[in-house]
Amino acid sequence: MSQRMGAGNGGFCTLALVDENGYPAMTTISISKADGIKWITFCTSLRANSVLRARRSCKAGVCVNSEGYHIALTGTIEVITDEQVKQEMWYQGLEHNFSGPHDPDYCVLKFETERYNLLIDWKPVRGSFR
């Protein structure tokens, strides 16, 4: 089941990518849509550092926290410019940065989880999708 979580709805996370020198580089980013922890999408600009890094290395990590849980995901990320996907991931609030879902600068980052570490109600869960 997919869930839409726009900016301001508690849908923020930390996205970690590999920078041009091979070091981890983190950014806080809004979640556009997710299928549980299997995959998460983010909407951003083609000029964003996160897009440049994702094009250099598909290795990525995502961390989501609250008082009741900690979710750490490791996997891969891809840059998507497909018009249909951009339309599906569009949410209110993006119009402050883009003219619409067909804006040529607008793209989607899709993260797919390979491994996960969860801490929910102080109970650890580890696993993988491979």
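This report walks through the charged pairs, nonpolar cores, cysteines and a hairpin of one structure. Please keep in mind that the model is predicted.

## Charged pairs

Let us start with the charges. Side chains of opposite charge can pair when their charged atoms come close. In this model the count comes to three salt bridges, and the table sets them out.

| Positive residue | Negative residue | Closest N to O distance |
|---|---|---|
| Arg47 | Asp105 | 2.8 Å |
| Lys86 | Glu83 | 3.5 Å |
| Arg56 | Glu20 | 3.9 Å |

Take the pair of Arg56 and Glu20, with its N and O atoms 3.9 Å apart. Arg56 belongs to helix α1 while Glu20 sits in the loop between β2 (12-18) and β3 (24-30), so this salt bridge ties together parts that are 36 residues apart in sequence. Arg56 itself is partly exposed, its relative accessible area being 48%.

The salt bridge of Arg47 and Asp105, at 2.8 Å, also joins two separate stretches of the chain. Arg47 is in the loop between β5 (39-45) and α1, and Asp105 is in the loop between α2 (83-89) and β8 (106-120), so the pair links parts that are 58 residues apart in sequence. The two partners sit in contrasting surroundings: Arg47 is exposed, at 65% relative accessibility, whereas Asp105 is buried, at 15%.

Lys86 and Glu83 make their salt bridge within one helix: both lie in α2, three residues apart, or about one turn of the helix. Here Lys86 is buried, with a relative accessible area of 2%, and Glu83 is partly exposed, at 37%.

## An arginine without a salt bridge

Arg53 is also worth a look. This residue is part of helix α1, which covers residues 49-56. Why does Arg53 have no salt bridge, with Glu20 as the nearest side chain of opposite charge? The distance to Glu20 is 4.4 Å, and a salt bridge needs a side-chain nitrogen within 4 Å of a carboxyl oxygen, so the pair does not count. Arg53 is nonetheless buried. Setting aside residues up to four places away in sequence, Arg53 touches Leu17, Val18, Asp19, Glu20 and Ala25.

## The β2-β3 hairpin

Several of those contacts lead to the hairpin formed by β2 and β3, which has five residues between its strands. Gly22, in the turn, has a positive phi of about 85 degrees. The two strands run antiparallel and are joined by seven bridges. Val18, for instance, has Pro24 in β3 as its bridge partner.

## Two nonpolar cores

Now to the interior. The largest nonpolar core has 22 residues, and Leu15, Phe42, Val62 and Ile77 are the ones that touch the most other members. Two or more residues come from each of β2, β5, α1, β6 (59-65), β7 (69-80) and β8. Which element gives the most to this core? That is β8, with five residues.

Phe42 shows how such a member is surrounded. Leaving aside neighbours within four places in sequence, Phe42 is in contact with a list of residues including Cys13, Leu15, Ile29, Ile31, Val62, Cys107, Leu109 and Phe111.

There is also a second, separate core of nine residues, with Tyr91, Leu94, Phe98 and Tyr106 among them. Tyr106 is found in strand β8 and is buried, at 0% relative accessibility. Tyr106 and Leu94 are 12 residues apart in sequence, and their C-alpha atoms are 9.2 Å apart. Beyond residues up to four places away in sequence, Tyr106 touches Leu94 and Phe98 as well as Cys43, Thr44, Lys86, Met89, Trp90, Gly100 and Pro101. One of these contacts, Lys86, is the residue that forms a salt bridge with Glu83.

## Cysteines

Finally, the cysteines. A disulfide is a covalent bond between the sulfur atoms of two cysteines. How many disulfides does the structure hold? There are zero. For Cys43, the nearest cysteine sulfur is that of Cys107, at 8.4 Å. A disulfide needs the two sulfur atoms within 2.5 Å, so Cys43 and Cys107 do not qualify. Cys43 is buried, at 9% relative accessibility. Cys63 is in no disulfide either, and its nearest cysteine sulfur, that of Cys13, is 8.4 Å away. Cys63 is partly exposed, with a relative accessible area of 22%.

Methods: Residues numbered from 1 in each chain as written. Predicted model: local features only at pLDDT ≥ 70, side-chain atom pairs only at ≥ 80, totals over all residues. Heavy atoms only, no water. Helix = DSSP H or I, 4+ residues; strand = E, 2+ residues; numbered from the N terminus. Buried < 20%, exposed > 50% of the residue type's maximum accessible area, 1.4 Å probe, protein only. Lys, Arg positive; Asp, Glu negative; His and termini not counted. Contact = heavy atoms within 4.5 Å. Core = buried A, V, L, I, M, F, W, Y, C linked by side-chain atoms within 4.5 Å. Pairing = 2+ DSSP bridges.
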